[in-house]
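Colleague: Could you take me through a close look at one part of this model, starting from a single residue and working outwards? I would like one connected account, with every term given its cut-offs.

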Amino acid sequence: METIIHYFENIQPSHRALILAGGIAFFWLLESVKPMFAFEYKKWNHAGINIFFTVTTMIVNFVMAFILLRTADWATQNDFGLLNALPKMPIWLYTLIGLLLLDLIGAYFAHLTEHKIKVLWRFHLIHHTDTWIDTTSANRHHPGESVIRFLFTTLGVLAVGTPMWLVFMYQSMSVVFSQFNHANIAIPKKLDKILSYFVVSPDMHKVHHHYMLPHTDSNYGNIFSVWDRFFGTYSYLEKDEIVYGVDTHMETHEHNSLKNLLKIPFQKPKQPKNKKH
């Protein structure tokens, strides 16, 4: 465990970039071998749009990284946060609790809030417009949403009181798990169900990308599935019933144009068919 901690204490930016790029490449290959859905789309064109948003997310995180670093250092030096209020425990348990709490505050609550607050939904909407969900969809976030998510992550680090090595570990896991549960891969149903009791599996997350409510407002989890089950936001839908996208932006010129995607948060909101966000 000490070796792992040492690695994330000293992880280089190049290693973090390699984890992201390696994950995309790995799941991209798996999608070609055994896809969940046989999409009829220009895969490289689709990937180009999503990778653009991946790069902007990386830029936002890089530019604002000093805020995260100072927050983690301050929390550690001042024994602030939930982890620092707990009694001494084995390092593996400390790590697991820290990851769970970061996932709760920095991801689950952030995601839930983006669906419930209209101005935040305008930015998060870009992620849901994708009608061909694959591993490149994982970081399809408007630059404005990247800032919002970064602020939630910082809030999570402050509230949990996590050291920076644990933050880097969480972010690395978050990238890979998000690529995994967005990947267009067919996993045996029984295996996926077993996985979904512990982590967010592909079948579980795909429900969240169904184009209509109430399924869009469910399965908010990022790494761990426990929070959706605990807070009652878990939902299930057979994969042959799933239609990707969001019912306000189902036309190709709306969801497959980079220019329009960047403009969506500033356009007049369109009404969904069955509920108003």
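Modeller: What follows begins with one tryptophan, moves to the helix that carries it, and then turns to helix packing, charged pairs and backbone details.

The model is predicted, and for that reason local features are taken only where pLDDT is at least 70 and side-chain atom pairs only at pLDDT 80 or more, whereas totals for chains, interfaces and linings use all residues. Residues are numbered from 1 along each chain as its sequence is written, and side-chain values use heavy atoms, with hydrogens and water left out.

W28 sits in helix α2, residues 13-33, where helices (H or I, at least four residues) and strands (E, at least two) are DSSP runs numbered from the N terminus. W28 counts as buried because its relative accessible area is 15%, given that buried means under 20%, exposed over 50% and partly exposed in between, with a 1.4 Å probe and protein chains only. Leaving aside residues up to four places away in sequence, W28 touches K43, W44, A47, T135 and T136, a contact being heavy atoms within 4.5 Å. M169 lies 141 residues from W28 along the chain, and the C-alpha atoms of the two are separated by 23 Å.

The helix that holds W28 also packs against another helix: α2 and helix α9 (residues 164-182) have axes 9 Å apart, at an angle of about 15°. Here axes are lines fitted to C-alpha atoms, for helices over the stretch in contact, and angles run from 0 to 180 degrees between N-to-C directions. Helices α2 and α9 are therefore roughly parallel to each other, since angles under 35 degrees count as roughly parallel, over 145 as roughly antiparallel, 65 to 115 as roughly perpendicular and the rest as oblique. The crossing of α2 and α9 is right-handed, meaning that the near helix is turned clockwise from the far one by less than a right angle, whereas anticlockwise would be left-handed. On the α2 side the contact is made by R16, I19, L20, G23, I24 and F27, and on the α9 side by F168, Q171, S172, V175, V176, Q179 and F180. By class, the contact of α2 with α9 has 8 nonpolar, 4 polar and 1 charged residues, where Ala, Val, Leu, Ile, Met, Phe, Trp, Tyr, Cys and Pro count as nonpolar, Asp, Glu, Lys and Arg as charged, and the others, Gly among them, as polar.

A second packing pair involves helix α3 (residues 43-63) and helix α8 (residues 143-160), whose axes come within 9 Å and cross at roughly 40°. That angle makes α3 oblique to α8, and the crossing of α3 and α8 is right-handed. Its contact residues are F53, T56, T57, V60 and N61 of α3, with P143, S146, V147 and F150 of α8. By class, the contact of α3 with α8 has 5 nonpolar, 4 polar and no charged residues.

Turning to charge, side chains of opposite charge can pair when their charged atoms come close. A salt bridge is counted when a side-chain nitrogen of Lys or Arg is within 4 Å of a carboxyl oxygen of Asp or Glu, and by this rule the count comes to 7 salt bridges. One of them pairs R140 with D130 at 3.5 Å, N to O. Both R140 and D130 lie in the loop between α7 (118-128) and α8, so the pair ties together parts that are 10 residues apart in sequence. R140 is buried because its relative accessible area is 1%, and D130, at 1%, also counts as buried.

Another salt bridge joins K116 and D217 at 3.7 Å, N to O. This pair links distant parts of the chain, 101 residues apart, with K116 in helix α6 (residues 91-116) and D217 in the loop between α11 (202-208) and α12 (226-231). K116 is partly exposed at 48% relative accessibility, whereas D217 is buried at 14%.

The backbone offers further details in the loop between α11 and α12, where P214 is placed. L213 and P214 are joined by a cis peptide bond with omega of about 5°. N219 is found in the loop between α11 and α12 and has a positive phi of about 50° although it is not a glycine; N219 counts as buried because its relative accessibility is 1%.
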